[in-house]
Amino acid sequence: MKILVTGGLGFIGSHTVVELQNRGFEVIVIDDLSNSSLDVLDGIEKITGQRPGFVKMDLRDKVKVHEFFKSNPAVEGVIHFAASKAVGESVKDPLLYYENNLATLVYILKELSRKQKSYFIFSSSCTVYGQADQLPITEGAAVKPAESPYGNTKQIGEEIIVDACKVYENLQAIALRYFNPIGAHESAEIGELPLGVPQNLVPFITQTAVGLRDELSVFGNDYPTRDGTCVRDYIHVVDLAKAHVIALQRLMDGKNSENFEIFNLGTGKGSSVLEVIKSFEKVSGKELNYKIVDRRPGDVVAAYADTEKANDVLGWRAELDLDDALASAWKWEQKVRQVKD
Ligand code: WQD
């Protein structure tokens, strides 16, 4: 069986391709290269010694999607990362997000619904919870009205899969709700490659430390948390990638208790922005230049996962901690900028 990884040259996608190949899967990647580059294929090959199949495609072209599945009948498993994911951009251009994140999902599910059996892993996000009423956050926590069109596409995406799985018995699916993915493969052959000014905390930290940015702006220190800065559950991208392989294997082995399951993927530990900075300074030996500025609209105060279901039902547990993730992010940043310590 071949596994299709859409968005497989992206940050989480590329790390998942590596873990799939490590476990003997044959992988084919579809990516439109809008937020990634072909060099990532080289990076994957350097790590595993196998170059995944690759098709450059805009998944909004449903004819091309249909032709792909027709000429690749062996593809029964799909891990679907391809989507636009910038919260701020989604507010400015909602229709781009609804088309690119949802129309493409429908086209892929339609192809899978025609198969005898098919396995689908959906890249979802803790964003669906908004500011949860209770911490840590379980999968049963209320899905709050989305704070952005991006978050809404994840909520609607899950609902689309629920309805499809009700009708197509052969379609088995799992949604993985990521907390905050950070870090890079230990080889520093692949990692996060944000285009332009990074929106996310960790790439901004590493770019500041490497001299690409003057200073980090900490968005508010007047939140009701232990040090006033927001708390998040930062999960190493390699741990996250392994969870995708375990989830796919669960479906292939028929171990899922219903044909659509949801799992939170986090470490279960919350870290504040200032704690992340402190950890980074420890592992890098660099003093980080930062200043406290106003809050960023839309930020939730705190979010971290209840990992019981992922640990006990999925059989997956995060093995790497914040220091490991930040050290790998720093090693990757230095490699990308060809900077030695
Ligand atoms: C983390 C914390 C910021 C940048 C987003 C998406 C989520 C998922 C992960 C896709 C917050 C603070 C950040 C900076 C800062 N993406 N921060 N200065 O917002 O938790 O989640 O990325 O699925 O869907 O919403 O991650 O890294 O942007 O922010 O102080 O320059 O760091 O205020 O408290 P976030 P983040």
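**Exercise 1. The crossing of two helices**

Determine the hand in which helix 1 passes helix 2 in this predicted model, and then describe how the axes of the two helices are arranged.

*Solution.* Begin with the hand: helix 1 passes helix 2 in a right-handed crossing. Next, consider the axes, where helix 1 covers residues 11-22 and helix 2 covers residues 39-48; these axes come within 10 Å and cross at roughly 30°. Since angles under 35 degrees count as roughly parallel, helix 1 is therefore roughly parallel to helix 2.

Finally, look at the residues that meet: helix 1 contributes Ser14, Val17, Val18, Gln21 and Asn22, while helix 2 contributes Val40, Ile44, Ile47 and Thr48. Sorted by character, the residues of this contact are 5 nonpolar and 4 polar, with no charged ones.

**Exercise 2. The second largest pocket**

Find which element gives the most residues to the lining of the second largest pocket, and describe the character of that lining.

*Solution.* The second largest pocket holds about 250 Å³ of space. Its lining consists of 16 residues, and those closest to the centre of the pocket are Asp39, Val40, Gly43, Glu189 and Trp332. Two or more residues of the lining come from each of helix 2 and helix 11 (322-336), and helix 2 gives the most, with 5 residues. By character, the lining divides into 6 nonpolar, 5 polar and 5 charged residues.

**Exercise 3. The enclosed space**

State how many cavities of 30 Å³ or more a search of the whole structure finds, and name the residues that line the largest cavity.

*Solution.* Rolling a probe the size of a water molecule over the atoms shows where empty space is left. The search of the whole structure finds 1 cavity of 30 Å³ or more, and the largest cavity contains about 50 Å³ of space. Around the largest cavity lie His80, Phe81, Ala82, Ala83, Asn101, Phe122, Thr153 and Lys154, and this lining is made up of 4 nonpolar, 3 polar and 1 charged residue.

**Exercise 4. Backbone angles in two loops**

Say where Leu33 and Pro136 are found, and describe the backbone angle given for each of them.

*Solution.* Recall that most residues other than glycine have a negative phi, and most peptide bonds are trans. Leu33 lies in the loop between strand 2 (26-31) and helix 2, and phi of Leu33 is near 60°, a positive value in a residue other than glycine. Pro136, for its part, is found in the loop between strand 5 (118-125) and helix 6 (149-167), and the peptide bond from Leu135 to Pro136 is cis, with omega near -5°.

Key. Residues numbered from 1 in each chain as written. Predicted model: local features only at pLDDT ≥ 70, side-chain atom pairs only at ≥ 80, totals over all residues. Heavy atoms only, no water. 1 Å grid on protein atoms, 1.4 Å probe; cavity = no way out; pocket = protein on both sides within 12 Å on 5 of 7 lines; lining within 4 Å. Points joined across faces, edges and corners; volume = space filled by probe spheres on them. Nonpolar A, V, L, I, M, F, W, Y, C, P; charged D, E, K, R; others polar. Axes fitted to C-alpha atoms, helices over the stretch in contact; angles between N-to-C directions. Helix = DSSP H or I, 4+ residues; strand = E, 2+ residues; numbered from the N terminus. Parallel < 35°, antiparallel > 145°, perpendicular 65-115°, else oblique. Left-handed = near helix turned anticlockwise from the far one by under 90°. Contact = heavy atoms within 4.5 Å.
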